[in-house]
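Visitor: I have some time at the screen today and would like a close look at a single part of this protein. Could you pick up from the residue I ask about and then show me what lies around it?

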Amino acid sequence: MGRNAELATLDALTTAGEHAVAYLHGIAGIGKSALAAALGERLAVQGTSVVVLDCRAIEPTSRGLAAALETSEYQGHPPANGGNGQLLVLDHYEVFRLMDTWLRQEFAPALPRGTRLLLISREPPVAAWFALPGGFRSMALGPMPERQAVDLLRGLGFRRVEGERLNRIARGHPLALTLAVAGAAEHPELDLEEAASSRVVDELSRLYLNEVRDPLTRRALEAASVVRRVTEPLLAALLDDEDDAGDALERLRELPFVDAGRDGLVVHEAVREAIGGLLRATNPVRHRAHRRAAWHELRAEVSDAAPSELWRYTADMLYLIENPVVREAFFPSGAQPLAVEPARPDDAASVSAIARRHEPPDAAELLERWWSEEPETFSVVRDRDGVATGFFSLLTTDHIRRGQMLEDPVVAAWARHLRDEPLPRGQVVLGLRRWLDAERGELPCPSQAACWLDVKRAYMALRPALRRMYVVVHDVPTYWPVVEKLGFRPLADGQVEIAGRPYASVALDFGPGSVDGWLARLVGAELGIDEERSLDGEARELSVRGQRIALTPLEFGLFAHLRECEGRAVSRAELLREVWGTEFTGGSNVVDAVVRMLRRKLGPAAPAIETVRGTGYRLRADWRSALG
């Protein structure tokens, strides 16, 4: 109701052209999914096959989309016997931003004749979409006009005067109208006419929560607003009550702003953010307890998850992360005006000009040599006019090993590290050799954000084989506070000079669990879970690859002291003094004997304890990754 004009426009957009692509965008709760559902019903009556996929449940990789299409009714070929074709709808496309370039350059142009693609997103499209061969059209969905909104409310049983009052609160926002209608019966005097339009959903969500009288429903709604999606096992863990979980899930399902998806119940994002934010502000202890319970349950479930289900748990863990750097890297909250594309041969001049503007001649010449020998490692960042505003070079394991032939001191340091600390069979590394913006160089800017977004796409495509990431920077102080929190550590022997300018390399070891294990550790560190799981002081046990290993008092004391001095070389004299309580006499090898026994117990994780010749021992900074 109230969207006939918009429906007609969208119908025209999605039926034009052999394989036209349409893009519907608008703020959260504005009615995009409802409009697309109405379009699907109209087209189905006309004989068009409609396939709707929820991007929230799809791994943002080409293999993830292929798997989702295989289990749907999508037909990867033209319609037979002059049929009406098909419409493929990708809803919640904003969480699929990692795949934007691939969808635009490869997937959309290869759509079968007669297939139309509809993308539904909170954010507008990047400008590069408008150059798509075959046709591209975009439509912004705004609030409903007052007359249509009031007519909608009258159709729901409200008198015109009541409808006008409710719409003064909701201002034509469909989700706000839904919340206002839901709360009107128990709270007829909604005193929100003076609220700013941007706060309507927030205020109504909180008001609705206040009107939930049933304790179980209220607890379930608060818990479900802390996580990305909720299932019965997850809700049982959040409520710490397995018996009530099924009943609570059914009560959630009946709420007007909760959707039942393929992988669980999802509270509408606008409501979820409002209620979750209120819980964080008013009861941070319970908010944190919910996140901890979710962490434990997700870690337990993912161990038995099929490969096709892994992305759900990755997305769940990402949602628990409060570190804005990580969340923005995977799920950018704002519009992205820049597009990232594999570099073309005619980008050579732009890449060279940017490199020579910001690098010393010898360093720029190295990048040009990489372009000449390994052009497939380069990607460019383009503005709305298609102009290259930046570039980056992303190397794989083979590139790094071959890089020594180019006499590149940066990559040579990476190759030495790979030789000294080789990867287990089947695991791979990435190396971000350089990123540069035309104006800002390596400094933070939109093109750098676009670069890192594309790197995260590579993370997803390579997991679970991705084990290590190398990055080189010149301006270490700017980036170190950020990358240190993400688990990057300075690379030994990674400090080099090119034409007198210093460059430093850092490395991130994702650990045996690859990207998913790294994300789980980041959340665990935020919640104070990581440390308590690794070393249990009361039981004198160490967790290694999920197994609890008993330690002797000396083994425990030695490991605990090395952990306190993480990354620093500790002398035998210091260990004897702090762990044994004696002074070093110069002839005792008791420390070496205990280290040997401890390494034997650590098994594959033994390299976490390094021998420092002439000094003693050191616990590597990435020891948590080694222990799994």
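Visitor: Not counting residues up to four places away in sequence, which residues does W518 touch?

Guide: Happy to walk you through that one. Please keep in mind that this is a predicted model. Once sequence neighbours up to four places away are set aside, W518 touches F330, Y459, L486, L508 and F510. W518 also belongs to the largest nonpolar core, a group of 74 residues. Within that core, W518 is among the residues with the most contacts, together with L432, Y459, M469 and L519. Notice that Y459 turns up both as a partner of W518 and as one of those well-connected core residues. The element that gives the most to this core is helix α20, residues 446–462, with eight residues. Apart from this core lies another one, of 32 residues, which includes F378, L395, W414 and Y470.

Let's follow the chain onward from α20. The loop between α20 and β12 (466–473) holds P464, and the peptide bond that joins R463 to P464 is cis, with omega at about 10°. Most peptide bonds are trans, and most residues other than glycine have a negative phi. With that in mind, two further spots deserve a look. A499 has a positive phi, near 55°, in a residue other than glycine. You will find A499 in the loop between β14 (496–498) and β15 (501–509), and A499 counts as partly exposed because its relative accessible area is 47%. H92 is not a glycine either, yet its phi is positive at about 55°. H92 sits in the loop between β3 (86–91) and α4 (100–107); its relative accessibility is 14%, so H92 counts as buried.

Another loop, between β8 (339–342) and α16 (348–358), is the place of P345. P345 counts as exposed because its relative accessibility is 75%. Measuring along the sequence, P345 and P375 are 30 residues apart, while their C-alpha atoms are 8.2 Å apart in space.

Now on to a charged residue away from the surface. E555 is part of helix α24, residues 553–564, and with 4% relative accessibility E555 counts as buried. Its side chain reaches the backbone nitrogen of T552 at 2.9 Å. Leaving out neighbours within four places in sequence, the contacts of E555 are A550, V594, M597, L598 and K601.

Helix α26 spans residues 590–602 and lies across β20 and β21, running at about 150° to β20. Those two strands belong to an open, antiparallel sheet of three, in the order β19-β21-β20. Its edge strands, β19 (570–571) and β20 (609–612), each pair on one side only. Between β20 and β21 (residues 616–619) there are four bridges, and the two strands run antiparallel. One pair to pick out is E610 with R618, its bridge partner in β21.

Stepping back, the protein has 27 helices and 21 strands. Of its 628 residues, 54% count as buried. Among contacts with a separation of 6 or more, 71% are between residues 24 or more positions apart. The accessible surface comes to about 27600 Å², and carbon and sulfur atoms account for 51% of that.

Technical notes. Residues are numbered from 1 along each chain as its sequence is written. This is a predicted model: local features need pLDDT of at least 70, side-chain atom pairs count only at pLDDT 80 or more; totals for chains, interfaces and linings use all residues. Side-chain values use heavy atoms; hydrogens and water are left out. Buried means under 20% relative accessible area, exposed over 50%, partly exposed in between (1.4 Å probe, protein chains only). Contact means heavy atoms within 4.5 Å. Accessible areas come from the Shrake-Rupley method with a 1.4 Å probe; for residues, only the protein chains shown count as cover. A polar contact is a pair of N or O atoms within 3.5 Å; within protein, one must be able to donate a hydrogen and the other to accept it, and residues adjacent in sequence count only if both atoms are side-chain atoms. Two strands pair if DSSP finds at least two bridges between them. Axes are lines fitted to C-alpha atoms, for helices over the stretch in contact, and angles run from 0 to 180 degrees between N-to-C directions. A nonpolar core is a set of buried Ala, Val, Leu, Ile, Met, Phe, Trp, Tyr and Cys residues joined through side-chain atoms within 4.5 Å.
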